[in-house]
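Biologist: Thanks for joining me! Shall we look at this one together and talk through the cysteines and the ligand site?

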Amino acid sequence: MTKPNPFEVAQRQLDECAKILRLDPDIHAILRVPARELHVSLPVRMDDGTIHVFQGFRVQYNDARGPTKGGIRFHPDETIDTVRALAAWMTWKCALLNLPLGGAKGGVVCNPKEMSRGELERLSRAYIQAIYRFIGPDKDIPAPDVYTNPQIMAWMMDEYSKIAGKNQFGVITGKPLSLGGSAGRDDATARGGIFILREAVKECGVDLKKATVAVQGYGNAGYHAAYLAKSLLGCKIVAISDSKGGIFTEKGLDPEQVRKHKTKTGSVINFPNTKAISNEELLELEVDILIPAALENVITEKNAPNIKAKIVAELANGPTTPEADDVLYKNGVHVRADFLCNAGGVTV
Ligand code: NAD
């Protein structure tokens, strides 16, 4: 099955909502397309002395509510359509949370896992040099997303400040605390999702203290979600995965120990006393709560009929296709949508 185009998915979701809301057709037409997008080529000196030209994007989807806001993703499978979709979803998210911000997103096609620290720094700085004129504290404010982190935000802020000739802490969020980062930002995305989950169970008859949870993706969103679901809500985390595969144990996992194992070995796989499972199997586990916290389009019409969770808390952006959404709805699965469930980060 070919993967759905994320931007077509975002447009179909909008069309569906426009019908329900009886949205003014003129507004609908404006919201269906990005306001502005920038494609850049980034020549970066690699450690072996050669130049590699990376492809990068920044999409400013809509700024009607204020400066645009959205993360920067470094990923080998990044496409302009993924960035467009993520920028559209940021627009809906900021509006839903009533933040004075529009929506944007950025991305660079690269594999950070195969790059040295020096190469990553030069790429981060090259990206800012290329998009400098288009961003700024009152124009467009980037943040971290998949495979970018506070260190990368710090390099980017520093590069922007160098060009501006003065410190510009406000140009980027998700920085280290010592460089003007916000306290609480680290786990804010997950914490927001946990609050949504706490409210969702009131409608779904799930007892959090007895609930089992599976988490797909173990980065910023996934790790903190697992940690907080256990420590704040008292849930049992029975499965966790990352890009290399997953682990399962009925006895329940200690999220902090799994994180330490991942830091040491590069993955959650082979964590002691667990059974190996695939990412596909994780989604279909017999659990109360499923937390997709990795990438988009993982719950499709093909596997949606097999989802057994009572609640799907979407911490990833766009994990469920519109067709899968219909199936889950018919099957009585309570989906808490991404643009509500993962809005804690941008809110902080
Ligand atoms: P991250 O880079 O910190 O972590 C990503 C995790 O996903 C890693 O553990 C990685 O191994 C795993 N992963 C990658 N490909 C995978 C695959 N094919 N199958 C299973 N796991 C895979 O990224 P993050 O910031 O946690 O972002 C995760 C999701 O949450 C994304 O959809 C992102 O847009 C969304 N999100 C993040 C934030 C935030 O504040 N970080 C805010 C809102 C939404």
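Modeller: Happy to! A disulfide here is a pair of cysteine sulfur atoms within 2.5 Å. Keep in mind that this is a predicted model.

Biologist: How many disulfides does the structure hold?

Modeller: Take Cys-17, whose closest cysteine sulfur belongs to Cys-341. The two sulfurs are too far apart for a bond, because they are 16 Å from each other. For the structure, the number of disulfides is 0.

Biologist: Is Cys-110 buried or exposed?

Modeller: Buried means under 20% relative accessible area. Cys-17, at 40%, is partly exposed. Cys-110 has a relative accessible area of 5%, so Cys-110 is buried.

Biologist: On to the ligand. Which side chain has an N or O atom 2.8 Å from an oxygen atom of the ligand?

Modeller: Some polar contacts come from the backbone: an N or O atom of Tyr-218 lies 2.9 Å from a ligand oxygen, and a polar atom of Gly-219 is 3.3 Å from a ligand oxygen. The side chain at 2.8 Å is that of Asn-317.

Biologist: How much of the ligand's accessible area does the protein cover?

Modeller: On its own, the ligand has 820 Å² of accessible area. The protein covers 88%.

Biologist: Which helices each supply at least two residues of the shell around the ligand?

Modeller: The shell has 9 nonpolar, 9 polar and 6 charged residues. Domain 1 (36–179) and domain 2 (188–347) each give at least three residues to the shell. The helices are α6 (185–204) and α7 (220–231).

Definitions and conventions. Residues are numbered from 1 along each chain as its sequence is written. This is a predicted model: local features need pLDDT of at least 70, side-chain atom pairs count only at pLDDT 80 or more; totals for chains, interfaces and linings use all residues. Side-chain values use heavy atoms; hydrogens and water are left out. A polar contact is a pair of N or O atoms within 3.5 Å; within protein, one must be able to donate a hydrogen and the other to accept it, and residues adjacent in sequence count only if both atoms are side-chain atoms. Accessible areas come from the Shrake-Rupley method with a 1.4 Å probe; for residues, only the protein chains shown count as cover. Helices (H or I, at least four residues) and strands (E, at least two) are DSSP runs, numbered from the N terminus. Ala, Val, Leu, Ile, Met, Phe, Trp, Tyr, Cys and Pro count as nonpolar, Asp, Glu, Lys and Arg as charged, and the others, Gly among them, as polar. Domain bounds come from an automatic or database domain assignment. Buried means under 20% relative accessible area, exposed over 50%, partly exposed in between (1.4 Å probe, protein chains only).
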